[in-house]
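Please look over the structure below with its aromatic rings and its loops in mind. The notes after it are meant to be read slowly, with the structure in view.

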Amino acid sequence: MKPFAILALAATALTLTACGENLGKGQPLNVVSGHIVMGATPDRPAVGYFRVQGGPQPVQLVAVTADLAQRVEMHESVKENGVVTMKPLLRADVPAKGELVFKQGGKHLMIWGINGAAVRAGKLPMAFVFTNNNNERILFDMVIKPAEGAAAADHGAMDHGAMEKSAEKAAPDAAKK
């Protein structure tokens, strides 16, 4: 081969390499959606749900962290002997070109002590740690939503004044003091 042809081939190879690491590998690993639902009361943990889109290689999610929360744990709801319980989850598989979903009734995050500034801002920055590339971290802002469900809605709709009046009737002497 002539020196010019070798030089042209080398230049072409370098150009293709410079196009990016992901050339021809497909979609990269990514956290594509997620949100947090606050606990019904401040002392209750919030719960987090999200979806991870798998990249070209299978990996495992090994941790989710948040600097603005006291503690974050991965859990899974499982049914044993007809009873649904929660178990800690040490890792979760993300299949190549597939997805990992943390959703209600299945895998989910339990999040304690979210900083008030994050709650007011309506988002909690989180780091998702995977077993690839020396524990790659993907940063994702999880949207914070208020508590859901009948318990939160029913409590807010209660007539607390009526409750106080019935307490006064039950213990009139205590109410007068």
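What follows is a briefing on a few side-chain contacts and backbone angles in this structure.

The structure is a predicted model, and every value given here was computed from it. In this model the count of aromatic pairs comes to two, and the residues F50, F102 and F128 form one aromatic cluster.

**The stacked pair**

- F50 and F102 form an aromatic pair with a distance of 4.3 Å centre to centre and an angle of 25° between the planes, and the pair counts as stacked because planes under 30 degrees apart are given that name.
- F50 lies in strand β2, which covers residues 46-53, while F102 lies in strand β7, which covers residues 99-102, so this pair ties together parts that are 52 residues apart in sequence.
- F50 has a relative accessible area of 2% and is therefore buried, since buried means under 20% relative accessible area.
- F102 also counts as buried, with a relative accessibility of 1%.

**The edge-to-face pair**

- F50 and F128 form an aromatic pair as well, with 4.8 Å centre to centre and 70° between the planes, and it is called edge-to-face because the angle is over 60 degrees.
- F128 lies in strand β9, made up of residues 123-130, and F50 lies in strand β2, so the pair ties together parts that are 78 residues apart in sequence.
- Both residues of this pair, F50 and F128, are buried.

**A charge over a ring**

- R71 lies over the face of W112, at a distance of 3.8 Å from the ring centre.

**Positive phi angles in two loops**

- Most residues other than glycine have a negative phi, and this is the background for the two residues described next.
- N81 is not a glycine, and yet this residue has a positive phi of about 55°.
- The loop that holds N81 runs between β4 (69-80) and β5 (83-88), and N81 is exposed there, with a relative accessible area of 82%.
- K97, which is likewise a residue other than glycine, has a positive phi near 60°.
- K97 is found in the loop between β6 (92-94) and β7, and with a relative accessible area of 69% this residue is exposed, because exposed means over 50%.

Terms used
Residues are numbered from 1 along each chain as its sequence is written. This is a predicted model: local features need pLDDT of at least 70, side-chain atom pairs count only at pLDDT 80 or more; totals for chains, interfaces and linings use all residues. Side-chain values use heavy atoms; hydrogens and water are left out. Rings of Phe, Tyr and Trp (its six-membered ring) pair if their centres lie within 6.5 Å; planes under 30 degrees apart count as stacked, over 60 as edge-to-face and the rest as tilted. Helices (H or I, at least four residues) and strands (E, at least two) are DSSP runs, numbered from the N terminus. Buried means under 20% relative accessible area, exposed over 50%, partly exposed in between (1.4 Å probe, protein chains only). A charge sits over a ring if NZ of Lys or CZ of Arg is within 6 Å of the ring centre and within 35 degrees of the ring normal.
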